[in-house]
Amino acid sequence: MSKSVLTALADAVWPPVCPVRSVPVDASGRLDAAAWQGLEFIDAPWCDCCGVPFPYGTGIETGGLLCALCLARPPKFDRARAPLVYGDVSRQLVLGFKNGGRREMIDQFGAWMARAGASCLSGADYILPVPLHWRRLLARRYNQSALLGQALSRQTGIPMRAGWLLRSRATPSQAGKSVLSRRRNMAGAFRIAPGHGLDGRHVVLVDDVFTTGATASACARQLRRAGAALVTVVTLCRVVRASDATM
């Protein structure tokens, strides 16, 4: 029995609802009009490094421009992109997916990430999800970043390598921490699994939300030590603060 037939049968038994507003929709994995209008997609111009949008919208990518933060403290990764601003609606999508097991939009997430992250994905050798510590993985039962990595791999054909990047120690939640505290919290939190050489490779890190870049930089540092030539980052959402978007 085909996947489309199974989906149609499932929709008949469990009528699909919007994962944000829990109102009926015509098919699983779709948003209703109000939720859709609440999404804020990131558009050019943006920082060529971290991808934060600048506070004016021309719709034209101004290649090479960097934000003040990337100029002052260049990240350990080469480039980062995300399709969505982390706002009210996207936050509900992420939390439902991350903590509530709502996976019906995973293919849509992958398509959005592939489109927004095209410059990060071009010529890539591997997709590596940001790992969870084993205790958190046991509690949650799945790694949301690995699911996003699989969806992005299906969209692009770039192979995903789960288990190559490991979280070597459990870290407290990053929520509410300052930029400096986030960096300290992530210091030494990751390592490369033995036997996985990355000499000269272009590696794409995948995560759900880009906040300050502390996690991405901590991972990138280890990937560089393992020989990666290029480390780019693709996330589903990114936090945008007014202070982040200055040139």
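Okay, so before anything else: when I say buried, I mean under 20% relative accessible area. Keep that in your heads, because it is the cut-off behind a good part of what follows. And this is a predicted model, by the way.

With that in place, let's start at α8. The buried residues in this helix are Q144, S145, A146, L147, L148, G149, A151, L152 and S153. The helix itself has 13 residues, and from first C-alpha to last it reaches 18 Å, close to the 18 Å you'd expect at 1.5 Å a residue. Look at the ends too. At the N-terminal end, N143 is the cap, with a side-chain oxygen 2.9 Å from the backbone nitrogen of S145. After the helix comes G157, and its phi is positive, near 80 degrees.

Okay, zooming out for a second. The chain has 10 helices and 7 strands. Of its 247 residues, 48% are buried. And if you take the contacts with a separation of 6 or more, 70% of them are between residues 24 or more positions apart.

Now, the core. Which residues have the most contacts inside the largest nonpolar core? Those are L31, F109, L148, L152 and L236, in a core of 36 residues. So two of the leucines I just listed as buried in α8, L148 and L152, turn up again here. As for who supplies this core, α4, α5, α6, α8, β6 and β7 each put in at least two residues. There's another core lying apart from it, with 30 residues, including C47, C49, I192 and L223. As a general point, nonpolar side chains in soluble globular proteins tend to be buried together.

Let me walk through a few residues. L31 first: leaving out anything up to four places away in sequence, it touches C18, P19, V20, V25, W36, L39, L93 and M105.

Next, L236, over in strand β7. Is L236 buried or exposed? It counts as buried, because its relative accessible area is 1%, and the limit is 20%. Setting aside sequence neighbours within four places, L236 is in contact with A82, P83, L84, V94, F109, W112, M113, L148, D207 and D208. Notice L148 in there, from α8. On distances, the C-alpha atoms of L236 and A116 are 9.2 Å apart, with those positions 120 residues apart along the chain.

L84 was in that list, so let's go there. L84 sits in strand β2, which is residues 84-85. Its relative accessible area is 1%, so L84 is buried as well. The contacts of L84, again beyond four places in sequence, are L39, E40, F41, I42, S90, W112, L236, C237 and R238. Take L39: its C-alpha is 7.2 Å from that of L84, while the two are 45 residues apart along the chain.

And Q222, for a polar example. Q222 is in helix α10, residues 214-225. With a relative accessible area of 15%, it is on the buried side. Apart from neighbours within four places, Q222 is in contact with F190, R191 and I192, and I192 is one of the residues of that other core.

Right, empty space. How many cavities of 30 Å³ or more does the structure hold? Just 1. The largest cavity has about 50 Å³ of space in it. Its lining is P19, Q92, L93, G96, F97, R102, E104, M105 and F109. The biggest contribution to that lining comes from α4, with 4 residues. Three of the names, P19, L93 and M105, are ones that L31 touches.

Last bit: backbone oddities. In general, most residues other than glycine have a negative phi, and most peptide bonds are trans. Here, A44 and P45 are joined by a cis peptide bond, omega about 5 degrees. P45 is in the loop between α2 and α3. Then S22, which isn't glycine, has a positive phi near 60 degrees. S22 lies in the loop between α1 and α2, and at 49% relative accessibility it counts as partly exposed. R141 is another non-glycine with a positive phi, near 80 degrees. You'll find R141 in the loop between α7 and α8, and at 69% relative accessibility it counts as exposed.

Okay, that's my tour. Over to you.

Definitions and conventions:
Residues numbered from 1 in each chain as written. Heavy atoms only, no water. Core = buried A, V, L, I, M, F, W, Y, C linked by side-chain atoms within 4.5 Å. Buried < 20%, exposed > 50% of the residue type's maximum accessible area, 1.4 Å probe, protein only. Contact = heavy atoms within 4.5 Å. Expected span 1.5 Å × (residues − 1). Polar contact = N/O pair within 3.5 Å; in protein donor to acceptor, adjacent residues only side chain to side chain. 1 Å grid on protein atoms, 1.4 Å probe; cavity = no way out; pocket = protein on both sides within 12 Å on 5 of 7 lines; lining within 4 Å. Points joined across faces, edges and corners; volume = space filled by probe spheres on them.
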